[in-house]
Amino acid sequence: MLISLLILASGCVHQELLLPSGSGESSLASSTEENSSVDISDLNMSVQEEQAVARIPFPVSEYSRLPRSGRATVKGSIYLVSPTGQKILGKQTRLYLNPVTSYSRQWYQQSYLGGHKMAKADPRLFNYLKFTTSDSNGNFAFYGVPAGRYYVIGVVRCAQECGYDTPQNIRIAKEVSVGSGTTVNVDLSKSIY
């Protein structure tokens, strides 16, 4: 619980977290009540194993080769496009950068694209995620990003304007390539049909 509060309250671009095995943390920033929480529910949720896709073993050597600091910036805006063409901004929502690895690629393909629930993520993953929060216009920025490939991930809350009876958290993810010392502009959007 304490770690969850630290993530939500910090507003920090990068969080260094090392969750010990068996730490008892059942969710990190997975609240669906607040749009201001980052949706990493399928990274660290408790689902029955027979309902979840098993994750590949955490590739320690792959992650140990990732640079830990950099000079690049990843910035952009997050929004949905409703069936009527209305732009619904992701206001004050948490976003995160997840380095592209075999481990995150499995999540992207099977959970984000495929719609399957994943087994709980290895706690070591959280040492490699960077977090930020969008402003009231849906604009966001990550600073000090190392060169590499990343999934930029965020959530926009939408209800009747998207044709839903009750508010829904719609996750948006996009893969980006970041060069050393560059600025990458990301249009993190999704159309609702």
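Read along the sequence, the chain of this predicted model follows the pattern α-α-β-β-β-α-β-β-β-β-β, which amounts to three helices and eight strands. The exercises below work through parts of this fold.

**Exercise 1. State what share of the protein chain is buried, and what share of its contacts is made by residues 24 or more positions apart.**

Solution. Begin with accessibility: of the 193 residues in the protein chain, buried residues make up 47%. Then turn to the contacts with a separation of 6 or more, and 75% of these are accounted for by residues 24 or more positions apart.

**Exercise 2. Determine the order of the strands in the open sheet, and explain which of its strands stand at the edges.**

Solution. Step one is the order, and the four strands of the open sheet are arranged as β4-β3-β6-β7, with antiparallel pairing. Step two concerns the edges: β4 (130–133) and β7 each have a single partner strand, so one side of each is left without a neighbour in the sheet. Step three is the twist, for neighbouring strands of this sheet are turned against each other by 25° on average when direction is ignored. As a last step, consider the pair β6 and β7, which run antiparallel and are joined by 11 bridges; within this pairing, Ile-153 has Ala-173 of β7 as its bridge partner.

**Exercise 3. Identify the two salt bridges of the structure, and describe the accessibility of the residues that form them.**

Solution. The structure holds two salt bridges, and they can be taken in turn. In one of them, the side chains of Glu-175 and Arg-149 meet with an N to O distance of 2.7 Å. Glu-175 lies in strand β7 (residues 168–178) and Arg-149 in strand β6 (residues 148–158), so the pair ties together parts that are 26 residues apart in sequence. Glu-175 has a relative accessible area of 31% and is partly exposed, and Arg-149, with a value of 40%, is partly exposed as well.

The other salt bridge is formed by the side chains of Asp-122 and Arg-124, again with 2.7 Å from N to O. Here the accessibility has to be read against the cut-off of 20%, under which a residue counts as buried: Asp-122, with a relative accessible area of 17%, is buried, whereas Arg-124, at 35%, counts as partly exposed.

**Exercise 4. Place helix α3 against the strands, check its length, and list what its buried residues pack against.**

Solution. Start with the placement: helix α3 (residues 102–113) lies across β3 (94–99), β6 and β7, and runs at about 140° to β7. For the length, the 12 residues of α3 should span 16 Å at 1.5 Å a residue, and the end C-alpha atoms are 15 Å apart, which agrees. Next, find the buried residues of α3, which are Tyr-103, Ser-104, Gln-106, Trp-107, Tyr-108, Ser-111 and Tyr-112. Finally, these buried residues pack against α2 (60–64), β3, β6, β7 and β8 (183–191).

**Exercise 5. Describe where Phe-58 is placed and which residues it touches beyond four places away in sequence.**

Solution. Phe-58 has its place in the loop between α1 (2–10) and α2, and with a relative accessible area of 11% Phe-58 is buried. Leaving out residues up to four places away in sequence, Phe-58 touches Tyr-63, Tyr-103, Asp-122, Arg-124, Leu-125 and Tyr-128. One of these contacts can be followed further, since Phe-58 and Tyr-103 are 45 residues apart in sequence and yet 6.5 Å apart in space, C-alpha to C-alpha. Tyr-103 is also among the buried residues of α3, while Asp-122 and Arg-124 are the partners of a salt bridge.

**Exercise 6. Characterise the disulfide of the structure, including its handedness.**

Solution. The structure holds one disulfide, and the cysteines that it joins are Cys-158 and Cys-162, with an S to S distance of 1.7 Å. The torsion about the S-S bond is about 95°, so the disulfide is right-handed. As for accessibility, both Cys-158 and Cys-162 are buried.

**Exercise 7. Explain what stands out in the phi of Gln-92, and say where Gln-92 is placed.**

Solution. The general expectation comes before the case itself: most residues other than glycine have a negative phi. Phi of Gln-92, however, is near 50°, a positive value in a residue other than glycine. Gln-92 has its place in the loop between β2 (87–89) and β3, and its relative accessible area of 42% makes Gln-92 partly exposed.

Technical notes:
Residues are numbered from 1 along each chain as its sequence is written. This is a predicted model: local features need pLDDT of at least 70, side-chain atom pairs count only at pLDDT 80 or more; totals for chains, interfaces and linings use all residues. Side-chain values use heavy atoms; hydrogens and water are left out. A salt bridge is a side-chain nitrogen of Lys or Arg within 4 Å of a carboxyl oxygen of Asp or Glu. Buried means under 20% relative accessible area, exposed over 50%, partly exposed in between (1.4 Å probe, protein chains only). Helices (H or I, at least four residues) and strands (E, at least two) are DSSP runs, numbered from the N terminus. Two strands pair if DSSP finds at least two bridges between them. Axes are lines fitted to C-alpha atoms, for helices over the stretch in contact, and angles run from 0 to 180 degrees between N-to-C directions. Contact means heavy atoms within 4.5 Å. A disulfide is a pair of cysteine sulfur atoms within 2.5 Å. The expected span of a helix is 1.5 Å times one less than its number of residues.
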